[in-house]
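User: I would like to go through this structure step by step. Please take my questions in turn and show the reasoning behind each reply.

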2 protein chains.
Amino acid sequence: MTTEADYLNQYDVSRFPSPLVTVDSVLFTLHQQALCVLLVERAMQPQKGRWGLPGGFIDIENDDSTRATALRKLTEKTGVSPSWLEQMDTFSGPDRDPRGWSLTVTWFALIAWVDCAPHIASVSNARWVPVDELKNYSLAFDHEKIITAALHRLRQKTMYSLLPVYCLPETFTHGQLLEATEVILGQSIQRKSLIRRFEASGMFEDTGESVATGTRKARLWRRKPNVDFHFFSRNLLTD
Amino acid sequence: MTTEADYLNQYDVSRFPSPLVTVDSVLFTLHQQALCVLLVERAMQPQKGRWGLPGGFIDIENDDSTRATALRKLTEKTGVSPSWLEQMDTFSGPDRDPRGWSLTVTWFALIAWVDCAPHIASVSNARWVPVDELKNYSLAFDHEKIITAALHRLRQKTMYSLLPVYCLPETFTHGQLLEATEVILGQSIQRKSLIRRFEASGMFEDTGESVATGTRKARLWRRKPNVDFHFFSRNLLTD
């Protein structure tokens, strides 16, 4: 009888044909009233010179999960670690990568443009591309399909939560949140519905400060530390 | 300069340390008013003799996606192919499998007990376990965590769709759908809310037949062929 110890002793992971495994992230931001996605120019083969998502292979010596791989690659490209990062589907099959049967675990995140703009400006092969201009790029692998899936997920989440706060500066006004929500959804929403949700969520606190907006002053808010992300039971658009 | 063709010619996939990749599925059914999950006894090391989810390695010669791997493994164990199967998260890390850094792509499905009961009865190492009895099992790997995640997702989806129809026989009554929904959610719901959703979904047609239920007769319904799955914008429990 083979015990588990004997079995593990003789086990050779390289004995079985295995898929190529990567991790790719779709990082969104808002800049100049446009929803943008971070693209990276491929420096090496395959598909050298094409633009694609920041990602790569798992470092099994150092990464303790695919989340760690995603964060490592995003931090390399943006200089900051997104405070909100969520796993999406995996994409797999024999034809998506010319090197062979491959599988990519995808993640998506939303970040404030101001936090990473200086770093991205200093990295020659990274660029924020407005979602509306993606059609001008011939993207690597199946990354167009992955971005489409992420965009769908981002919009769905925006209808049931206040996710857009993650692309705002640390302190922000109701007006900024409204604008970010409208840009992400691609349609206008009722200010009063959004403010009702904002208050009901219990996620924010008044900073006591305000900024001039036209003829009026608008209060500045910030996220409370360690408060759970609130999900609403109704779609924002049906409120 | 290395062209892509040169690069691919020299590329050796086994040159890089790679995680172990598996696919695991959480298959749910309803039987005797209990929500059950399909478990399989491990016939081989590691963790031989423990119960776990039906799954295994990707066959890169034959499977064209992880969905194909999940369906192949489920069909082997149940004799039927679930008509609804959805990807969940991946679970990964250095410690979840004693063979090394591993990643599993998880799927979940819901199926009618009658469809696969005879086949499962003939397979010695597969068993439907009521969710409430899982605490009596010491499950393999991190499969308890995966089942908990699947259960959460199943309940979330049930609040926004008529997903429970997938565990009913081909023709069913409103009462059966109500019961399945209540068992899955673990709480009672308003019959009139469910029927309003049933009608609004456009997913079903009257068979023209009915069955005796106590002193009354109840109509039998079935899913229309090729009708898209309908999602509601409100949580069933807030209706």
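User: Where does Gln47(A) lie?

Analyst: This is a predicted model, and the place of a residue is given by the elements on either side. For Gln47(A), phi is near 60°, a positive value in a residue other than glycine. Gln47(A) is found in the loop between strand 2 and strand 3 of chain A.

User: Which residue does a cis peptide bond join to Gln45(A)?

Analyst: The bond has an omega of about -5°. The partner of Gln45(A) is found in the loop between strand 2 (34–41) and strand 3 (51–52) of chain A. That partner is Pro46(A).

User: What is omega for the peptide bond from Gln45(B) to Pro46(B)?

Analyst: In chain B, Pro46(B) is placed in the loop between strand 2 (34–41) and strand 3 (51–52). The bond that leads to Pro46(B) from Gln45(B) is cis. Its omega is near -5°.

User: What rotation superposes chain B on chain A?

Analyst: Two copies of a chain are related by a rotation about an axis and a shift along it. Here the shift along the axis is 0.0 Å, and the RMSD is 0.0 Å. The two copies are thus related as by a two-fold rotation axis. The rotation is 180°.

User: Which residue of chain B comes closest to the rotation axis?

Analyst: The distance is taken from the C-alpha atom. At 2.3 Å, the closest residue of chain B is Arg234(B).

User: How many residues does each chain give to the contact between chain B and chain A?

Analyst: Of the interface residues of chain B, 100% are also interface residues in chain A, so the copies meet through the same surface. On the side of chain B, the residues divide into 19 nonpolar, 14 polar and six charged. Chain B and chain A each give 39 residues.

User: What area is buried between chain B and chain A?

Analyst: The size of an interface is often given as the accessible area lost when the parts come together. Carbon and sulfur atoms give 59% of the area buried here. Gln45(B), Ile60(B) and Trp101(B) supply 18% of what chain B buries against chain A, more than any other three residues. The buried area of chain B and chain A is about 3500 Å².

User: How many residue pairs are in polar contact across the interface of chain B and chain A?

Analyst: The rule finds zero salt bridges across this interface. For polar contacts, both residues of a pair are at pLDDT 80 or more. The number of pairs is 14.

User: Which strand gives the most to the side of chain B that touches chain A?

Analyst: The elements that give two or more residues to this side are helix 1 (4–10), strand 1 (20–31), strand 5 (85–93) and strand 6 (102–110) of chain B. With five residues, the one that gives the most is strand 5 of chain B.

User: Which three residues of domain 1 of chain A supply 52% of the area it buries against domain 2 of chain A?

Analyst: Chain A is divided into domain 1 (20–147) and domain 2 (159–223). Between them they bury about 910 Å², 76% of it on carbon and sulfur atoms. The three residues that supply 52% of the domain 1 share are Leu30(A), Trp84(A) and Leu110(A).

User: How many charged residues are on the side of domain 1 of chain A that touches domain 2 of chain A?

Analyst: Across the interface of these two domains the rule finds zero salt bridges, and two residue pairs are in polar contact. The side of domain 1 has eight nonpolar and two polar residues. The number of charged residues there is zero.

Key:
Residues numbered from 1 in each chain as written. Chains lettered and ligands numbered in written order. Predicted model: local features only at pLDDT ≥ 70, side-chain atom pairs only at ≥ 80, totals over all residues. Heavy atoms only, no water. Least-squares fit on C-alpha atoms with pLDDT ≥ 70 in both. Contact = heavy atoms within 4.5 Å. Domains from an automatic or database assignment. Buried area = accessible area lost by both parts, 1.4 Å probe. Salt bridge = Lys/Arg side-chain N within 4 Å of Asp/Glu carboxyl O. Polar contact = N/O pair within 3.5 Å; in protein donor to acceptor, adjacent residues only side chain to side chain. Nonpolar A, V, L, I, M, F, W, Y, C, P; charged D, E, K, R; others polar. Helix = DSSP H or I, 4+ residues; strand = E, 2+ residues; numbered from the N terminus.
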